[in-house]
Amino acid sequence: MAMEVTTAAIRHFSTQMGIANVRSRSEHLPPQKLQQLERATFKDHRWENALRCLALMGPLSPELATDIIVQGAKCFGMWQLEDHEITGLVFQLINAVSAHLPA
């Protein structure tokens with residue numbers, strides 16, 4: 001199940017996090033090209049596979065989700081994340097994994 005991020009959701013999240021002037025979509029990338037890029041980027045289903053794997057472990061605790069986020073960020077060269085960044089990502093990860101838990 002793919003998660004659709006809407007402009008309204010991004011603006012709502014950025015307002016709650018106190019982030020001003022967030023551009024949700026590129027002004028220079030047409031929607032069709034953006035869709036093609038998204039399909040090409042995520043066509044390997046790694047994110048979906050990871051969510052299914054995590055769901056098999058059961059509901060995520062905030063502590064476990066934090067460890068996963070911090071370790072995952074290091075793979076992308078982000079050695080230190082701000083607390084508010086971690087909090088937002090942990091919330092998103094817990095919700096994404098919860099959507100994959102058996103009913």
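Which residue with a positive phi follows α4? That residue is Gly-77, and its phi is near 80°. Keep in mind, as you go through the views below, that this is a predicted model.

**View 1. The whole chain, helix by helix.**
Let's start with the overall picture. The chain holds 5 helices and 0 strands, so if you walk along from the N terminus, the elements read α-α-α-α-α. Of the 103 residues in the chain, 18% are buried. The accessible surface is about 8,300 Å², and carbon and sulfur atoms contribute 60% of it. Now look at the contacts between residues with a separation of 6 or more: 62% of them join residues 24 or more positions apart.

**View 2. Helix α4, with a buried side and an exposed side.**
Helix α4 covers residues 62–75. Its 14 residues, at 1.5 Å a residue, should span 20 Å, and the C-alpha atoms at its two ends are indeed 20 Å apart. Which residues of α4 are buried? They are Ala-65, Ile-69 and Ala-73. Viewed down the axis of α4, these buried residues fall within an arc of 65°, so they line one face of the helix. A simple rule helps here: an α-helix has 3.6 residues a turn, so residues three or four places apart point the same way. The buried residues of α4 pack against α5. On the other side of α4 you will find Glu-63 and Cys-75, which are exposed.

**View 3. Helix α3 and what covers it.**
Move now to helix α3, made of residues 46–56. Buried here are Glu-48, Leu-51, Leu-54 and Ala-55. Seen down the axis of α3, they stay within an arc of 125°, so these buried residues line one face of the helix. Which helices are among those covering the buried residues of α3? The cover includes α4 and α5. The face turned away from the buried side carries Arg-46 and Leu-56, both exposed. After α3 comes Gly-58, with a positive phi near 100°.

**View 4. Glu-48 and its partners.**
Let's zoom in on a single residue. Glu-48 sits in helix α3. Is Glu-48 buried or exposed? Its relative accessibility is 14%, so Glu-48 counts as buried, because the cut-off for buried is under 20%. The side chain of Glu-48 makes a polar contact with the side chain of His-100, at 3.0 Å. Glu-48 also meets Arg-52 in a salt bridge between their side chains, with 3.9 Å from N to O. Arg-52 and Glu-48 are both part of helix α3, and they lie 4 residues apart, about one turn of the helix. Arg-52 has a relative accessible area of 43%, so this residue is partly exposed.

**View 5. A salt bridge between Arg-46 and Asp-44.**
Side chains of opposite charge can pair when their charged atoms come close. How many salt bridges are counted in the model? The count comes to 2. One of the salt bridges joins the side chains of Arg-46 and Asp-44, at 3.0 Å from N to O. With 64% relative accessibility, Arg-46 counts as exposed. Asp-44, at 39%, counts as partly exposed.

**View 6. Helix α5 and the contacts of Val-97.**
The last view belongs to helix α5. It has 16 residues and reaches 22 Å from its first C-alpha to its last, close to the 22 Å expected at 1.5 Å a residue. The buried residues of α5 are Ile-86, Gly-88, Val-90, Leu-93, Ala-96 and Val-97. Let's pick out Val-97, which lies in this helix, α5. Its relative accessibility is 1%, so Val-97 counts as buried. What does Val-97 touch, leaving aside residues up to four places away in sequence? Val-97 touches Leu-51, Leu-54, Ala-55, Gly-58 and Leu-60. Two of these names may ring a bell: Leu-51 and Leu-54 are among the buried residues of α3. Val-97 and Leu-56 are 41 residues apart along the chain, and 9.3 Å separates their C-alpha atoms.

Terms used. Residues numbered from 1 in each chain as written. Predicted model: local features only at pLDDT ≥ 70, side-chain atom pairs only at ≥ 80, totals over all residues. Heavy atoms only, no water. Buried < 20%, exposed > 50% of the residue type's maximum accessible area, 1.4 Å probe, protein only. Contact = heavy atoms within 4.5 Å. Areas by Shrake-Rupley, 256 points an atom, 1.4 Å probe, with all protein chains shown as cover. Expected span 1.5 Å × (residues − 1). Arc of directions from axis to C-beta. Polar contact = N/O pair within 3.5 Å; in protein donor to acceptor, adjacent residues only side chain to side chain. Salt bridge = Lys/Arg side-chain N within 4 Å of Asp/Glu carboxyl O.
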